[in-house]
Amino acid sequence: MSRHPQPSAREYERLYQQRRAPWNLGEPQPALRELVEAGWCTGTVLDAGCGVGELALAVAARGHHVLGVDLAPSAIRSASEQAVARGLSAHFRAADITELDTGGEVFDTVLDSGLLHSLPESVQSTYLAVLRRVCRIGGRIAVLCFADRPDARTPDSGRLSERRLRELFADGWAIDELVPAEIFGIIPDGVSESSTWPRDAKGRTPMTGWRLRARRVDDAQNRVT
Ligand SMILES: C[S@@+](CC[C@H](N)C(=O)[O-])C[C@H]1O[C@@H](n2cnc3c(N)ncnc32)[C@H](O)[C@@H]1O
């Protein structure tokens, strides 16, 4: 069990209202931005747990139809305002991803920048069931999450082991990549031991993560392979 549980919906909202969300870099997480810039996304895109929408907006700037979903209304308001300010066509919705109703719409690409590790372990399977429903067969997903590896430098809660990730993506997905990746955060001085972790030239702290890429495969096909 984690010593610190993941934040509640109210705590996420408060972090955004007070502009204290440590994952807000003012740009997408580099490990996912590089995929977007390399043209990895295809077709319509869902950014699950989009926060203030930097990743979704980077995708929209490349001409994709994008839906960003986040629990925190303030984050969604900020993302929508940025879309208007930047003249981009992107849609944002405040919703709990585990209850997402897309009215039958399916997406070609799903991006998850720090959502999976933010969900309590008990609801991660429900989230994966939603992803299987909203990602079309043949579609793709990229996930960036905190890693449970020896000497990992991450917050206490939410780390995922390689085994846990393979278990979550065992049904309905074919994993193409599961590699170490950095997740950056902006950690204020004096909050905890994490304030002493090294920072890069932009003041961001690199933490230990995984980047997973998988393809949505037909469930029957998955059982055979
Ligand atoms: C670590 S932050 C990452 C935000 C954004 N993807 C980024 O990279 O800046 C995790 C986000 O997931 C959102 N979140 C947590 N639980 C959620 C849920 N059940 N449904 C939708 N969003 C959720 C939080 O509000 C928060 O914005």
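**Exercise 1. Which pattern does the protein follow, read along the sequence?**

Solution. The structure is a predicted model, in which local features need pLDDT of at least 70 and side-chain atom pairs count only at pLDDT 80 or more, while totals for chains, interfaces and linings use all residues. Residues are numbered from 1 along each chain as its sequence is written.

Step 1. Take the DSSP runs, numbered from the N terminus: helices are H or I with at least four residues, strands are E with at least two. The protein has seven helices and seven strands.

Step 2. Along the sequence they give α-α-β-α-β-α-β-β-α-β-α-β-β-α.

Step 3. The radius of gyration of the protein is 17 Å, close to the 17 Å from the globule rule for 225 residues, so the protein is as compact as a globular protein of that length. This radius is taken over C-alpha atoms, and the rule is 2.2 Å times the number of residues to the power 0.38.

**Exercise 2. Describe burial and the largest nonpolar core.**

Solution. Step 1. Count the other C-beta atoms, placed from the backbone, within 10 Å of a residue's own: 20 or more means buried, 12 or fewer exposed, and in between partly exposed. Buried residues are 40% of the 225 residues in the protein.

Step 2. Join buried Ala, Val, Leu, Ile, Met, Phe, Trp, Tyr and Cys residues through C-beta atoms within 7 Å to obtain a nonpolar core. The largest has 61 residues, of which Leu-46, Ala-56, Val-59, Ala-79, Val-110 and Leu-131 touch the most other members. Strand S5 (residues 135-146) gives the most to this core, with seven residues.

Step 3. List the contacts of Ala-79, where a contact means C-beta atoms, placed from the backbone, within 7 Å. Leaving aside neighbours within four places in sequence, Ala-79 is in contact with Cys-50, Val-52, Gly-53, Ala-56, Gly-68 and Phe-92.

**Exercise 3. Place His-117 and state its contacts.**

Solution. Step 1. His-117 sits in the loop between strand S4 (107-113) and helix H5 (121-134).

Step 2. It is buried, because 24 other C-beta atoms lie within 10 Å.

Step 3. Not counting residues up to four places away in sequence, His-117 touches Cys-145, Phe-146, Gly-158, Arg-159 and Leu-160. The C-alpha atoms of His-117 and Phe-146 are 6.3 Å apart, although 29 residues separate them along the chain.

**Exercise 4. Characterise the two listed non-glycine residues, Arg-19 and Asp-151, by phi, location and exposure.**

Solution. Step 1. Arg-19 has a positive phi of about 50 degrees, and phi of Asp-151 is near 65 degrees.

Step 2. Arg-19 lies in the loop between helix H1 (9-17) and helix H2 (30-37). Asp-151 is in the loop between S5 and helix H6 (162-168).

Step 3. Arg-19 is exposed, with 10 other C-beta atoms within 10 Å. Asp-151 counts as exposed with 5 C-beta neighbours inside 10 Å.

**Exercise 5. Describe the ligand shell and the annotated span.**

Solution. Step 1. Take residues whose C-beta atom, placed from the backbone, lies within 6 Å of the ligand. There are 21 residues around the ligand, the closest being Gly-49, Gly-51, Ile-97, Ser-113 and Gly-114.

Step 2. Sort the shell: Ala, Val, Leu, Ile, Met, Phe, Trp, Tyr, Cys and Pro are nonpolar, Asp, Glu, Lys and Arg charged, and the others, Gly among them, polar. The result is eleven nonpolar, eight polar and two charged residues.

Step 3. An unreviewed UniProt entry lists residues 45-139 as "domain: Methyltransferase"; such annotations may be inferred rather than shown by experiment. The span is 36% helix and 26% strand, and its end C-alpha atoms lie 10 Å apart.

Note on methods
Contact = placed C-beta atoms within 7 Å.
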